[in-house]
Amino acid sequence: MSSAEQGVGEILIPEADVRTRVAELGAEISADYAGRDLLLVGVLKGAVFFMADLMRTLSVPCEIDFMAISSYGAATDSSGVVRILKDLDINIAGRNVLVVEDIIDSGLTLSYLMRSLRARKPAALEVCALLTKPERREIEVPVRYVGFEIPNRFVIGYGLDFAERYRNLPYIGVLHPDLVPGATR
Ligand SMILES: O=P(O)(O)OC[C@H]1O[C@H](OP(=O)(O)OP(=O)(O)O)[C@H](O)[C@@H]1O
Ligand code: HPA
Ligand SMILES: [Mg+2]
């Protein structure tokens with residue numbers, strides 16, 4: 001075990017399975033957006049890893065931009081105070097926007113984001129999330145492309161952090177149970 005892996009309880013989705021699924025999503029998205037312009041909007045920081053890999057499986061021309069959203073604190077604090085820390089650089093009016101997320105958990109971040117993006121009148125607005133935890137959903141958000149449905153466990157790796165660490169793991173792991181108290185975000 002490398003020192004980067006200390007704290008990993010178990011591997012939930014091995015690296016090869018992640019790679020296969022990302023390629024499948026890329027093929028599906030490429031078919032759906034054939035002949036249309038595509039703008040990928042990544043949500044910093046966790047989605048960067050998924051987005052970089054997904055983009056390299058796309059066979060349609062595409063651009064990227066990023067947003068940073070403030071965390072609203074612990075999941076127990078679901079007051080939903082979400083703020084934009086970094087907005088998009090470009091105007092998305094009339095564009096085909098695909099929001100790329102690493103995980104949808106309560107749905108609060110994405111719900112806020114979609115409201116903000118919809119108000120800017122894109123031609124199309126869809127979501128691609130690598131992971132979703134349906135059991136934890138507090139607000140429904142339509143997600144067009146989903147990589148994996150996962151159980152209610154705190155996951156790390158492939159962009160997902162616990163206290164800013166573990167993003168560099170090449171697989172999706174479950175945080176070791178000894179570290180779980182407080183691991184709500
Ligand atoms: O569905 P929700 O309950 O809102 O949770 C999902 C959000 O939480 C994580 O981001 P985080 O705030 O940890 O930022 P990060 O990507 O920088 O780690 C994740 O990347 C999603 O954006
Ligand atoms: O399970 C998770 N892991 C890491 N970050 C998260 N943000 C929401 N859910 C998670
Ligand atoms: Mg995080």
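**Notes on the sheet, its surroundings and two ligands**

1. Start with the sheet. It is open, has 6 strands in the order β4-β3-β2-β5-β6-β7, and its pairing is mixed. At the edges you'll find β4 (84–86) and β7 (145–149); each has a single partner strand, so one side of each is left without a neighbour in the sheet. Going from one strand to the next, the twist averages 30°. Keep in mind as you look around that this is a predicted model.

2. Now zoom in on β5 (96–104). Which way do β5 and its partner β6 run, and how many bridges join them? They run parallel, with 8 bridges between them. One bridge to pick out pairs Leu 98 with Glu 126 in β6. On the β2 side, β2 (38–44) also pairs with β5 in the parallel sense, over 4 bridges. To find that pairing on screen, look for Leu 39 opposite Val 97 in β5 and for Val 41 opposite Val 99 in β5. If you follow the side chains along a strand, remember that in a regular strand they alternate between the two faces of the sheet.

3. Is β5 enclosed or left open? Of its 9 residues, 8 are buried, so β5 is largely enclosed by the rest of the structure.

4. Next, have a look at α2 (47–55). Its buried residues are Ala 47, Phe 49, Phe 50, Met 51 and Leu 54. What covers them? The cover includes α1 (15–32) along with the strands β2, β3 (62–69), β5 and β6 (124–132). Here is a handy bit of background for reading that list: an α-helix has 3.6 residues a turn, so residues three or four places apart point the same way.

5. Stepping back, the protein chain has 3 helices and 9 strands. Read from the N terminus, its elements go β-α-β-α-β-β-β-α-β-β-β-β. The radius of gyration is 16 Å, close to the 16 Å that the globule rule gives for 185 residues, so the chain is as compact as a globular protein of that length. Along the principal axes, the C-alpha atoms fill a box of roughly 50 × 40 × 25 Å.

6. How much of the chain is buried? Buried residues make up 29% of the 185 residues. As for contacts, take those with a separation of 6 or more: 67% of them are between residues 24 or more positions apart.

7. A few backbone spots deserve a second look. Most residues other than glycine have a negative phi, and most peptide bonds are trans. Against that background, the peptide bond joining Leu 44 and Lys 45 is cis, with omega at about 0°. Lys 45 sits in the loop between β2 and α2.

8. Two tyrosines also stand out. Tyr 158 isn't a glycine, yet its phi is positive, about 50°. Tyr 166 has a positive phi too, near 80°. Where are they? Tyr 158 is in the loop between β8 (155–156) and β9 (172–175), and Tyr 166 also lies in the loop between β8 and β9. Don't assume that a loop residue has to be exposed: Tyr 158 is buried, with 26 other C-beta atoms within 10 Å, and Tyr 166 is buried with 21.

9. On to ligand 1. Which of the 17 residues around it come nearest? They are Lys 45, Gly 46, Asp 105, Ser 106 and Thr 109. You've met Lys 45 already, at the cis peptide bond with Leu 44. The elements giving two or more residues to this shell are β2, β5 and α3 (108–118). The largest share, 4 residues, comes from β5, the strand you saw paired with both β2 and β6. By type, the shell is a mix of 6 nonpolar, 5 polar and 6 charged residues.

10. Last, ligand 2. It is surrounded by 8 residues, and the closest are Ile 103, Asp 105, Phe 154, Val 155 and Leu 160. Spot Asp 105 in that list: it is also one of the residues that come nearest to ligand 1. What does the shell of ligand 2 consist of by type? There are 5 nonpolar and 3 charged residues, with no polar ones.

Note on methods
Residues numbered from 1 in each chain as written. Chains lettered and ligands numbered in written order. Predicted model: local features only at pLDDT ≥ 70, side-chain atom pairs only at ≥ 80, totals over all residues. Near = placed C-beta within 6 Å. Nonpolar A, V, L, I, M, F, W, Y, C, P; charged D, E, K, R; others polar. Pairing = 2+ DSSP bridges. Axes fitted to C-alpha atoms, helices over the stretch in contact; angles between N-to-C directions. Rg over C-alpha atoms; globule rule 2.2 N^0.38 Å. Buried ≥ 20, exposed ≤ 12 C-beta atoms within 10 Å, placed from the backbone. Contact = placed C-beta atoms within 7 Å.
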